[in-house]
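Trainee: I would like to go through the labels attached to this model and see what each one rests on. Where should we start?

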Amino acid sequence: APARLRFAMGAADVALRRVASRDALPPAAQGEDSAAAGGKAEVHTDAKAEVNTLREPIGLAVRGPASRCQAPARGPSQNLGAEDLEVQRSGSATRAAPDGPRKGLLGFAGVLASSKVLSALLLCIPLGFLSNFQGWPMWAVFACNFFAVLPMAWLIGKSTEDLAAHTGEAAGGLLNATFGNVVEMLLCVQGIRRGEMAIVRYTLVGSILSNMLLVLGTALLWGGYKNPPPKTMKYSRTGAGAQGNLMLISVLGVALPTVYSMLSEGTGAVLDISRGCSVMLFSLYVQYLFFQLKTHKHVFEGPEGEHGEVECPDMDAYTAVAVLAACTALTSCCADYLIGSIEGTIASCSVSREFVGVVVLPIIGNAAEHFTAILVAGQNRMDLSLGVAVGSSCQVALMVTPFTVFVGWAVGSPMSLDFGPFQVAVLLMAVLLVTSVLKDGESTWLDGSMLCTAYCAIALMCFFGFSP
């Protein structure tokens with residue numbers, strides 16, 4: 001076999017040189033030598049087939065991936081290295097990742113190198129601790145810890161994705177569902193611990209509104225601008241309809257305790273109703289996970305899921321667990337300092353409590369998801385974009401909101417689902433607007449502009465405040 005391989009490769013090289021020398025001849029000479037050229041082409045084809053036949057048993061064929069992890073294909077102007085193999089799978093070329101995830105600090109360094117801006121913001125973590133212990137002005141404590149949580153939210157999301165890539169499909173889906181909103185959960189826990197129930201409710205409402213209106217609207221705007229004519233983005237009507245209906249159910253679960261509180265006196269029954277509704281909402285979230293990850297997974301994948309690329313994780317499982325644990329602990333501390341500095345920041349900067357809770361704080365946990373949803377919308381992968389934007393709203397409404405009620409129940413704090421009439425009305429109108437936009441399975445940039453306009457109107461009212 002080695003002798004045949006050397007002979008076949010030598011024959012292929014000779015044939016390639018002869019074809020190249022023929023192309024360098026004048027047109028007349030090429031015409032006279034057409035018969036000979038045909039024979040040489042046959043030799044060249046046979047030699048290539050022989051080379052591939054012999055290379056396959058020893059793993060050198062130019063077909064098939066060298067690893068199960070695939071990276072996106074390079075453009076025609078980018079040169080492939082010696083270690084790169086062109087893979088033809090499902091009609092699109094990809095590049096095999098030869099080494100897979102890197103271990104230890106090498107993998108973590110690769111993640112940091114992928115986003116230099118967010119990596120630079122990690123310097124705000126020691127500043128956040130220093131500002132709290134050194135007695136800096138409250139607005140400085142708020143700013144330092146705000147920018148410290150941003151990169152840690154990104155690292156939590158990245159480590160969760162890499163860890164999910166090393167586990168099974170069901171376990172990976174549960175990991176993403178659990179840790180996808182861990183920053184919002186930590187902010188709410190610290191708010192309940194400090195007795196800031198109003199800030200907790202504003203943060204929950206703001207997270208839902210920013211995902212449904214701002215993120216989805218910006219994604220539709222960017223997708224309408226970036227994609228070729230007719231500038232219409234299509235997605236699964238079944239998946240979008242299921243998420244819209246879930247949001248309506250979650251608004252109902254919040255509206256019932258709010259209306260009951262308006263019509264009756266006392267908080268004891270409101271707390272009991274809120275806890276019962278929270279149990280039902282969380283059970284509905286478990287059913288939603290089973291529906292999305294098991295029985296109707298194809299509905300949420302869309303057409304791009306059939307030929308999607310599988311990216312190799314940057315970190316191994318142990319490194320991802322270490323990064324996830326460290327960032328979660330640091331985020332909990334910074335969130336505590338952040339919540340504790342809100343009162344002084346409101347007084348010194350003359351902003352309303354509603355604006356901080358509804359507009360500012362949700363940016364922390366949703367910044368990385370915002371970028372992802374907008375980026376994939378520009379690639380016309382709207383099912384994935386909807387999964388990030390509207391799916392995150394469903395997680396906040398069906399998992400994080402009941403979680404806050406359970407935490408308040410456990411620590412003896414009166415955390416209820418009485419969000420107030422204005423918040424419930426805004427949530428209801430936002431859900432109805434998004435459901436109307438997504439009902440036909442296709443959208444344009446104008447739909448995105450309407451969603452962004454609605455969010456700006458709500459943010460403007462929050463800036464001036466609406467508490468009595």
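Mentor: With aromatic rings: those of Phe, Tyr and Trp pair if their centres lie within 6.5 Å. This is a predicted model, and in it Phe 282, Tyr 285, Tyr 288 and Phe 406 form one aromatic cluster.

Trainee: How many aromatic pairs does a search of the whole structure find?

Mentor: The search gives ten aromatic pairs. In one of them, the ring centres of Phe 129 and Tyr 337 are 5.4 Å apart, with the planes at 85 degrees.

Trainee: What makes the pair of Phe 129 and Tyr 337 edge-to-face?

Mentor: Planes over 60 degrees apart count as edge-to-face; the angle here is 85 degrees, so the label applies. Phe 129 belongs to helix α6 (residues 124-133) and Tyr 337 to helix α14 (residues 317-340), so the pair ties together parts 208 residues apart in sequence.

Trainee: Why is Tyr 337 called buried, and what is Phe 129 called?

Mentor: Buried means under 20% relative accessible area. Tyr 337 has 12%, so it counts as buried. Phe 129 has 22% and is therefore partly exposed.

Trainee: Why is the pair of Phe 142 and Phe 146 called stacked?

Mentor: The cut-off for stacked is under 30 degrees between the planes. Phe 142 and Phe 146 have 15 degrees between the planes and 6.2 Å centre to centre, which fits a stacked pair. Both lie in helix α7 (residues 138-166), and because they are four residues apart, about one helical turn separates them. Phe 142 and Phe 146 are both buried.

Trainee: How do you know that Cys 333 has no bond to Cys 334?

Mentor: A disulfide needs the two sulfur atoms within 2.5 Å. The closest cysteine sulfur to that of Cys 333 is in Cys 334, at 6.8 Å, so the distance is too far for a bond. The count of disulfides comes to zero. As for exposure, Cys 333 is partly exposed at 31% relative accessible area, whereas Cys 188 is buried at 1%.

Trainee: Which residues form the nonpolar patch on the surface?

Mentor: Leu 221, Trp 445, Leu 446 and Met 450 form the patch, with about 370 Å² of accessible area together. Helix α19 (residues 445-464) supplies the largest share, three residues. Leu 221 lies in helix α10 (residues 197-226).

Trainee: What makes Leu 221 eligible for a patch?

Mentor: Patch residues need over 30% relative accessible area. Leu 221 has 32%, so it passes that cut-off and is partly exposed.

Key:
Residues are numbered from 1 along each chain as its sequence is written. This is a predicted model: local features need pLDDT of at least 70, side-chain atom pairs count only at pLDDT 80 or more; totals for chains, interfaces and linings use all residues. Side-chain values use heavy atoms; hydrogens and water are left out. Buried means under 20% relative accessible area, exposed over 50%, partly exposed in between (1.4 Å probe, protein chains only). Patches are made of residues with over 30% relative accessible area and no salt bridge: like charges are joined within 9 Å, nonpolar side chains (Val, Leu, Ile, Met, Phe, Trp, Tyr) within 5 Å. Accessible areas come from the Shrake-Rupley method with a 1.4 Å probe; for residues, only the protein chains shown count as cover. A salt bridge is a side-chain nitrogen of Lys or Arg within 4 Å of a carboxyl oxygen of Asp or Glu. Helices (H or I, at least four residues) and strands (E, at least two) are DSSP runs, numbered from the N terminus. Rings of Phe, Tyr and Trp (its six-membered ring) pair if their centres lie within 6.5 Å; planes under 30 degrees apart count as stacked, over 60 as edge-to-face and the rest as tilted.
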